[in-house]
Amino acid sequence: MNLIKARFLYFATLTLTLLLFASCDGDEEGANPGNTDDSIILGFSQIGAESAWRTYNSLSVKEAAEEAGIQLLFENAEQKQAKQIKAIRSFIVYQVDVIAFVPIVADGWDNVLTEAKDAGIPVLVTDRKINTADETLYAGFIGTDSIREGREAALFLQKKFASSERANPVRIVEISGTEGASCVIGRAEGFREIIESDGSFEIVYSFSGDFLKSKGYEIMHSILDKISDIDVLYSHNDGMTLGAIEAMKERGIRPGSDIVIVTIDAEQAAIDALRRGEVNCVIECNPRTGPVIMDLARKLAEGETIRRLIHVEEEVFTEWDDLDAIEPRGY
Ligand code: GYE
């Protein structure tokens with residue numbers, strides 16, 4: 001491609017991108033074609049709205065940006081990595097001060113993050129992690145410790161079945177989240193690290209429900225079509241758990257009694273199910289990362305270095321706890 005053509009394409013892309021941000025009426029919060037003040041501009045690529053957790057996470061980011069006086073260009077990728085990469089490229093062309101994003105899957109980010117690095121724009125990875133050999137491609141990570149969440153699920157089951165007359169081995173069905181997402185890999189890894197060394201448990205089925213309630217429902221029905229002797233459901237998020245519970249009830253199965261249920265996120269509906277005895281353990285995955293993201297974005301915009309790894313505080317709620325003491329979840 002000759003130089004004139006390359007230059008034409010560059011300026012055409014730049015013009016189109018500026019027009020995109022100037023004219024778009026989507027989720028872009030505070031998009032401002034001309035940065036008329038010295039406020040920080042943060043480009044944020046969110047993966048979508050697949051669960052109540054995700055929706056609340058987006059709200060946390062938007063409210064925190066407003067509170068912090070940070071101009072937020074917020075792009076929703078509708079579960080497509082290609083859309084996230086396109087959004088990050090548009091942030092680069094727009095010359096934002098900082099880029100933050102939730103990587104829907106762990107692989108495939110090196111090229112676009114190299115472009116951000118070459119443009120001198122610091123990148124903050126949030127919620128889910130990325131795999132890269134080049135640690136200079138991002139400034140730091142803030143989000144959940146998914147391996148710990150998986151371990152907590154296994155530790156609860158060891159305690160729950162310690163003195164149980166249930167069959168040996170205890171038969172576990174796992175409904176996991178989006179394949180390739182770091183939180184799914186971590187939740188599976190942390191769980192298996194303990195379960196597989198215990199010898200009293202067996203994971204008889206594991207399917208991906210993509211973090212969707214509808215898929216949790218479908219997968220539970222399809223598993224119950226095949227086998228009836230299930231002791232435990234380990235589900236990677238509350239949305240899929242709630243779908244699976246609907247399927248169990250339709251078959252006269254008592255969730256939380258006939259099948260012990262461990263779920264992750266801790267949205268209000270899961271806590272309510274815990275209080276009804278339909279769920280036995282809820283592991284919190286904290287979506288309230290907006291304020292910390294803004295604090296880190298400000299530091300990066302001002303040229304400061306930040307901690308490479310920040311895991312958010314998370315609790316575990318079990319059937320043995322004082323369930324009335326659990327604060328309203330907000331989502
Ligand atoms: O558990 C789920 C959401 O990335 C940790 O994604 C997050 C997960 C969360 O869809 O509800």
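Student: Which helices each supply at least two residues of the shell around the ligand?

Tutor: Helix H2 (52–68) and helix H6 (182–198) do. Keep in mind that this is a predicted model.

Student: What makes a residue part of the shell around the ligand?

Tutor: One of its heavy atoms must lie within 4 Å of the ligand. Residues around the ligand include Trp53, Arg54, Cys183 and Arg187. Phe211 and Cys285 are also among them.

Student: Why is the pair between arginine 54 and the ligand called a polar contact?

Tutor: The cut-off is 3.5 Å between N or O atoms. A ligand oxygen is 2.9 Å from a side-chain N or O atom of arginine 54, so the pair qualifies. Asparagine 237 has such a pair at 3.0 Å. For aspartate 265, a polar side-chain atom lies 2.5 Å from a ligand oxygen.

Student: How much of the ligand does the protein bury?

Tutor: Alone, the ligand exposes 300 Å², and the protein buries 100% of that. The space taken by the ligand is the largest cavity.

Student: How do you know where the ligand lies relative to domain 1 and domain 2?

Tutor: Domain 1 (37–143 + 287–313) and domain 2 (146–285) both give residues to the shell, so the ligand lies between them.

Student: What is the make-up of that shell by class?

Tutor: Six residues are charged, four nonpolar and two polar.

Conventions
Residues numbered from 1 in each chain as written. Predicted model: local features only at pLDDT ≥ 70, side-chain atom pairs only at ≥ 80, totals over all residues. Heavy atoms only, no water. Polar contact = N/O pair within 3.5 Å; in protein donor to acceptor, adjacent residues only side chain to side chain. Areas by Shrake-Rupley, 256 points an atom, 1.4 Å probe, with all protein chains shown as cover. 1 Å grid on protein atoms, 1.4 Å probe; cavity = no way out; pocket = protein on both sides within 12 Å on 5 of 7 lines; lining within 4 Å. Sits in = over half its atoms within 2 Å of the grid points. Helix = DSSP H or I, 4+ residues; strand = E, 2+ residues; numbered from the N terminus. Nonpolar A, V, L, I, M, F, W, Y, C, P; charged D, E, K, R; others polar. Domains from an automatic or database assignment.
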